[in-house]
Amino acid sequence: MKDVTCPDSPLADLCRQRGLKLTGQRRTIAFVLSDSDDHPDVEELYRRAVAVDPRISIATVYRTVRLFEENGILQRRDFGGGRARYEVADGEHSDHYHLIDASTGTVIEFENAELNSLLDSIVREKGYDLVTTRLSIVGRRKATPRGDN
């Protein structure tokens, strides 16, 4: 079977900065994660990675995700549904939040300066400095009126 070479990715660069050895399979997993605009669980990540390199095993994906998480490269998220999902870690304080569609499980990221300010104000009022936030909101899309005029 022909060797698969993935292009470099921001996540692969972060791995190198953290001193991690980047095998071909880790590079592929880093590429797939960097290319994701959602929060895949390990099985979804495996499906995407194996489409790029069929030699990758589910065990390799689990080990790599654990390694990336232990090194602060990935963050584990629990949006319900019984499966951990992952996103690229974005520093100490994240300025984005998650809205989970209760019907579909879709995760929508959003930013809100007013919410950032309010959370920072609450924390300072209690005598602390804000380090990080984990805010997930679950909502159900409103039914739209049918326009029976």
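**Two threonines and a helix crossing**

In this predicted model, the side chains of threonine 60 and arginine 63 meet in a polar contact at 3.2 Å. Threonine 60 sits in helix α4, which spans residues 58–70. Its relative accessibility comes out at 11%, so threonine 60 counts as buried, the cut-off being under 20%. Setting aside neighbours within four places in sequence, threonine 60 is in contact with Gln25 and Ile29.

Over in helix α2 (residues 24–35) there is another threonine to look at, threonine 28. With a relative accessible area of 0%, threonine 28 is buried too. Once residues up to four places away in sequence are left out, threonine 28 touches Cys6, Ala49, Val52, Asp53 and Ile56. Ala49 and Val52 fall within the stretch of helix α3, residues 42–52.

That brings in how α3 and α4 pack. Two packed helices are described by the angle between their axes and the distance between the axes. Here the axes of α3 and α4 come within 9 Å and cross at roughly 120°. The angle lies outside the 65 to 115 degrees that count as roughly perpendicular and is not over 145, so α3 is oblique to α4. As for handedness, α3 passes α4 in a right-handed crossing. On the α3 side, the contact is made by Val42, Glu43, Leu45 and Tyr46, while α4 brings Ile58, Val61, Tyr62 and Val65. Sorted by character, the residues of this contact come to 7 nonpolar and 1 charged, with no polar ones.

Conventions. Residues numbered from 1 in each chain as written. Predicted model: local features only at pLDDT ≥ 70, side-chain atom pairs only at ≥ 80, totals over all residues. Heavy atoms only, no water. Axes fitted to C-alpha atoms, helices over the stretch in contact; angles between N-to-C directions. Helix = DSSP H or I, 4+ residues; strand = E, 2+ residues; numbered from the N terminus. Parallel < 35°, antiparallel > 145°, perpendicular 65-115°, else oblique. Left-handed = near helix turned anticlockwise from the far one by under 90°. Contact = heavy atoms within 4.5 Å. Nonpolar A, V, L, I, M, F, W, Y, C, P; charged D, E, K, R; others polar. Buried < 20%, exposed > 50% of the residue type's maximum accessible area, 1.4 Å probe, protein only. Polar contact = N/O pair within 3.5 Å; in protein donor to acceptor, adjacent residues only side chain to side chain.
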